[in-house]
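Hello,

Here is the structure I promised to hand over. Please open it first, then read the notes below.

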Amino acid sequence: MIRVLIADDHNVFVEGIESLVSGSPDIVVTERCYTVQSVIERLILTPIDVVLLDISFPQIEDGLGLCEHITRTYPNTKVVALTMHDDASLIKRVVKKGAKGYLLKNTTKTELLQAIQTVHQEKQYFNDTITHILLNDSPKARKSTAGVGIKPNLTPRESEVLALMAQGMTTQQMATQLFVSAKAVEFHRSSLLMKFGVPNTALLIKTAMEMQYID
């Protein structure tokens, strides 16, 4: 039986991940931790095979530090990053800190179970989405697309946020509409600004319209 610890500061998300894992014949969630300190304390007391770690826990640097602590202190415990961040540079930093897998929070049940089983077998796990992000960030890929005006690749959630921003909705209105936290909306907004290479919302909407992401 693969013993799993879920480390995330959002109770609803932890419950959702646990529900995806429940019913698996070889995986069981034995610990649920909502703070960095609680993760450290539980690992001292309880053997864990796989940690599903939100890298923004509660901030990115905290999550990265915790990832490194786990992989250095407990080499038999494998870390899978489970996060909203799809930035190639962050994925690489997480891997350097010792994580064996990386998944976005919109992952499927099948991918989640595969990731847990794969890293438990001493292998790395990156699904097609993460592999695509890393390949497109290679020096060769960046050189081949430089100055060509390639349209950014948006996640489904980013597309939803962009459409609502174009309607003039506030952060809280978007959060209510999408049934997510205001923090999540702000994350997606920041990600959109970065992907389109613009400094503010006005230029984001203008650029997105020129690229025909929105009408």
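The protein chain holds 11 helices and six strands. Its radius of gyration is 18 Å, close to the 17 Å that the globule rule gives for 215 residues, so the chain is as compact as a globular protein of that length. Please keep in mind that this is a predicted model.

Some overall figures next. The C-alpha trace spans about 55 × 40 × 30 Å along its principal axes. Of the 215 residues, 42% count as buried. The chain exposes about 11300 Å², and carbon and sulfur atoms supply 55% of that area. Take the contacts with a separation of 6 or more: residues 24 or more positions apart account for 64% of them. On charge, there are 22 positive and 23 negative ones. Their mean positions lie 7 Å apart.

Now three residues.

Start with serine 56. It sits in the loop between strand E3 (50-53) and helix H3 (60-73). Is serine 56 buried or exposed? It counts as buried, because its relative accessibility is 10% and the cut-off for buried is under 20%. Which residues does serine 56 touch, leaving aside its neighbours within four places in sequence? They are Asp9 and His85. With histidine 85 there is also a polar contact, side chain to side chain, at 2.6 Å.

Next, glycine 63. This residue belongs to helix H3, the helix that follows the serine 56 loop. Glycine 63 has a relative accessible area of 0%, so it is buried. Leaving aside neighbours within four places in sequence, glycine 63 is in contact with Leu53, Ile55 and Phe57. For a long-range distance, try alanine 202. It is 139 residues from glycine 63 along the chain. The two C-alpha atoms are separated by 32 Å.

Last, threonine 131. Look for it in helix H6, residues 128-136. Its relative accessibility is 32%, so it counts as partly exposed; that class lies between the 20% and 50% cut-offs. How far is threonine 131 from tyrosine 102 in space? The answer is 9.8 Å, C-alpha to C-alpha, with their positions 29 residues apart in sequence counted as the separation.

To recap the three: serine 56 is buried at 10%, glycine 63 is buried at 0%, and threonine 131 is partly exposed at 32%.

Best wishes

Terms used. Residues numbered from 1 in each chain as written. Predicted model: local features only at pLDDT ≥ 70, side-chain atom pairs only at ≥ 80, totals over all residues. Heavy atoms only, no water. Helix = DSSP H or I, 4+ residues; strand = E, 2+ residues; numbered from the N terminus. Buried < 20%, exposed > 50% of the residue type's maximum accessible area, 1.4 Å probe, protein only. Polar contact = N/O pair within 3.5 Å; in protein donor to acceptor, adjacent residues only side chain to side chain. Contact = heavy atoms within 4.5 Å. Rg over C-alpha atoms; globule rule 2.2 N^0.38 Å. Areas by Shrake-Rupley, 256 points an atom, 1.4 Å probe, with all protein chains shown as cover. Lys, Arg positive; Asp, Glu negative; His and termini not counted. Charge placed at Lys NZ, Arg CZ, Asp CG, Glu CD.
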